[in-house]
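Grab your viewer and work through a few short exercises on the model below. Each one has a task sentence and then a solution in steps.

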Amino acid sequence: MLDIRFATARNVSGAVAAVVPAADSSDDPAAARLAAVRASLARLKLGPADLDDITAFLLDVEHSGSAGTLHKLPRAGHRPDLLFFVGVGAGDEAGWRAAGAKLARSAGDEPTLTLLLPDDVTPAAVRGLGEGLWLASYRFRLGAAEPPSLRRVNLAAARSAELDAGLAAAKVVAESTRLARDLTNMPSDEKTPAWFAKRVEKAAAGVPGLTVTVRDPKALAEQGFNAILAVGGGSTRGPRLVELSWRPRGARRHVVLVGKGITFDTGGICIKPLSGMKLMRKDMGGAAAVIGATLAAAALRLPVRITALAPLAENALGADSFRPGDVIRHYGGTTSEIHNTDAEGRLVLGDAMAYAVRRLRPDTIVDLATLTGAQGVALGKRTAALYSYNDTLAKELTTAADTAGESVWRMPLHDDYADALDSDVADIVNSTDVGAGSVMAALYLREFTGPLRDHWAHIDMSSSAWSDSPDADLTKGATGWGVRTLLRWLEATT
């Protein structure tokens, strides 16, 4: 992981980066931008001629200062020999996050980069910068891989406890998001439910206040988690239910986070085509997110009790696969008639949510799931679908996503669609022909919220869990979507 630390601007060699603010309200915003850059570079003891040349360069390339805009100035025979100029926009956290991500992608062969921070830099700016640098420099590769060239970033600023805290928070967020990306990127030949559970146990080991309970198939059968067992029944690699608990002393609020954990999804007997199966190693992205967010909350010592539930199963074809027409009795007694074995995620979530309501009795439940292709059809790759009857909760999660650099859009829960879930032989069916696939999945999950219906939110983040190409702080592959949103929400509501 990239080494980021505070340092001085003395004796700088190699590459140096200076930030460029966007236009302000002054009469001559371009002049204001250039003055800010010159003031920053003056700390390098550059002469007037050097500063004039740099000013001319910035005018020539028309650097706007917009967030993430970057220009590079090689200076052979000078010190420093390479200058980066990166825009931070309005200077808010999002602007600094974009700047950090751009620098991480643009450093080329430079092993070390010194970034000149303005005197008035805020802890939020440092947090955004750190997140951008760490997340955009993430790489996943099995086996031996050549390490990235950029290995260290020096932040030239007057160090303070507040700035240290901002950078420390960014590191916690980045580590947890990177863990979620690692879990999601891992190929499913290795990523079994048991493997995932062991990774959680390893990550939580030795952390005060964290406990892990793993239910294997025998325990799931004894306790009535029949939907998790049914979905995992076709695989030789049995299902698990991971319960990760953070219980700080004095916590007055209890939040349950539930994440879909299908380690690979063939669709079961209702098998997917090849095109729909290629990326199904990401079908446990919700489980990775809730685990990552809980580990981060513990690292930051947030004063809220959190229980993360990750129902894990491989939806495979086998002699014991569940079938269309089967009726499954969930934990707590609700029955589901199976119309489609490829609508399996809501089944395992139903077991976990019913358990949370009946046994854990939290104040709030939030579930995350790579649940439907319909989410991507409606909202595309970068925006997840948010469902909740609670206006306050929906607003809190929307604000948290915006602050974190992720995105959600609130979708409707139409009661007049609910009749389509009726079954002739069970309480509900797990799939319908109504259309509005993401909405119908949310209405199905609603049936497991009991008295917490008005204190529940569901986030369908199927498309948002994967990026087809590098984009800002995302790298190609798993995004770790949801870790940052959940953590910002937990931080803001404690």
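## Exercise 1: a helix and its surroundings

Twelve of the 14 residues of helix H4 are buried, so the helix is largely enclosed by the rest of the structure. Keep in mind that this is a predicted model.

**Task.** Check the length of H4 against its residue count, then list its buried residues.

**Solution.**
- Step 1: H4 runs over residues 123-136, and at 1.5 Å a residue its 14 residues should span 20 Å.
- Step 2: The C-alpha atoms at its ends are 20 Å apart, which agrees.
- Step 3: With buried meaning under 20% relative accessible area, the list is Ala 125, Val 126, Arg 127, Gly 128, Leu 129, Gly 130, Glu 131, Gly 132, Leu 133, Trp 134, Leu 135 and Ala 136.
- Step 4: Now pick out the charged side chains. Arg 127 and Glu 131 belong to a salt-bridge network that also includes Glu 93, Arg 97, Arg 488 and Glu 491.

## Exercise 2: a three-stranded sheet

**Task.** Work out which strands stand at the edges of the sheet that contains S12, S13 and S17.

**Solution.**
- Step 1: Start with the order, which is S12-S13-S17 in an open sheet with mixed pairing.
- Step 2: S12 (327-329) and S17 (428-429) each have a single partner strand, so they are the edges and one side of each has no neighbour in the sheet.
- Step 3: Now look at one pairing. S13 (residues 335-337) runs parallel to S17, and two bridges join them.
- Step 4: To find a bridge in your viewer, go to Glu 337, whose partner in S17 is Val 429.

## Exercise 3: what surrounds Thr 372

**Task.** Is Thr 372 buried or exposed, and which residues does it touch?

**Solution.**
- Step 1: Locate Thr 372 in the loop between strand S14 (364-369) and helix H12 (373-379).
- Step 2: Its relative accessible area is 8%, so Thr 372 is buried, the cut-off being under 20%.
- Step 3: Leaving out residues up to four places away in sequence, Thr 372 touches Arg 346, Gly 437, Ser 438, Ala 441, Asp 460 and Ser 462.
- Step 4: Zoom in on the polar partners. The Thr 372 side chain makes a polar contact with the side chain of Asp 460 at 2.6 Å, and it also reaches the backbone nitrogen of Gln 375 at 3.2 Å.

## Exercise 4: three salt bridges

**Task.** The salt-bridge count comes to 24. Take Lys 260 with Glu 344, Lys 381 with Asp 468 and Asp 391 with Arg 410, and say where the partners lie and how accessible they are.

**Solution.**
- Step 1: Lys 260 and Glu 344 meet at 3.5 Å, N to O. The pair links distant parts of the chain, 84 residues apart: Lys 260 is in the loop between S9 (254-259) and S10 (261-265), and Glu 344 is in the loop between S13 and H11 (345-360).
- Step 2: Lys 260 is buried at 3% relative accessibility, and Glu 344 is buried at 0%.
- Step 3: For Lys 381 and Asp 468, the closest N and O atoms are 3.9 Å apart. Lys 381 sits in the loop between H12 and S15 (384-388) and Asp 468 in the loop between S19 (466-467) and S20 (477-478), so the bridge ties together parts 87 residues apart in sequence. Lys 381 is partly exposed, at 37%.
- Step 4: For Asp 391 and Arg 410, the closest N and O atoms are 2.9 Å apart. Asp 391 is in H13 (residues 391-404) and Arg 410 in S16 (residues 408-410), so this pair ties together parts 19 residues apart in sequence.
- Step 5: Asp 391 is exposed at 53%, whereas Arg 410 is partly exposed at 34%.

Terms used: Residues are numbered from 1 along each chain as its sequence is written. This is a predicted model: local features need pLDDT of at least 70, side-chain atom pairs count only at pLDDT 80 or more; totals for chains, interfaces and linings use all residues. Side-chain values use heavy atoms; hydrogens and water are left out. Two strands pair if DSSP finds at least two bridges between them. Helices (H or I, at least four residues) and strands (E, at least two) are DSSP runs, numbered from the N terminus. The expected span of a helix is 1.5 Å times one less than its number of residues. Buried means under 20% relative accessible area, exposed over 50%, partly exposed in between (1.4 Å probe, protein chains only). A polar contact is a pair of N or O atoms within 3.5 Å; within protein, one must be able to donate a hydrogen and the other to accept it, and residues adjacent in sequence count only if both atoms are side-chain atoms. Contact means heavy atoms within 4.5 Å. A salt bridge is a side-chain nitrogen of Lys or Arg within 4 Å of a carboxyl oxygen of Asp or Glu.
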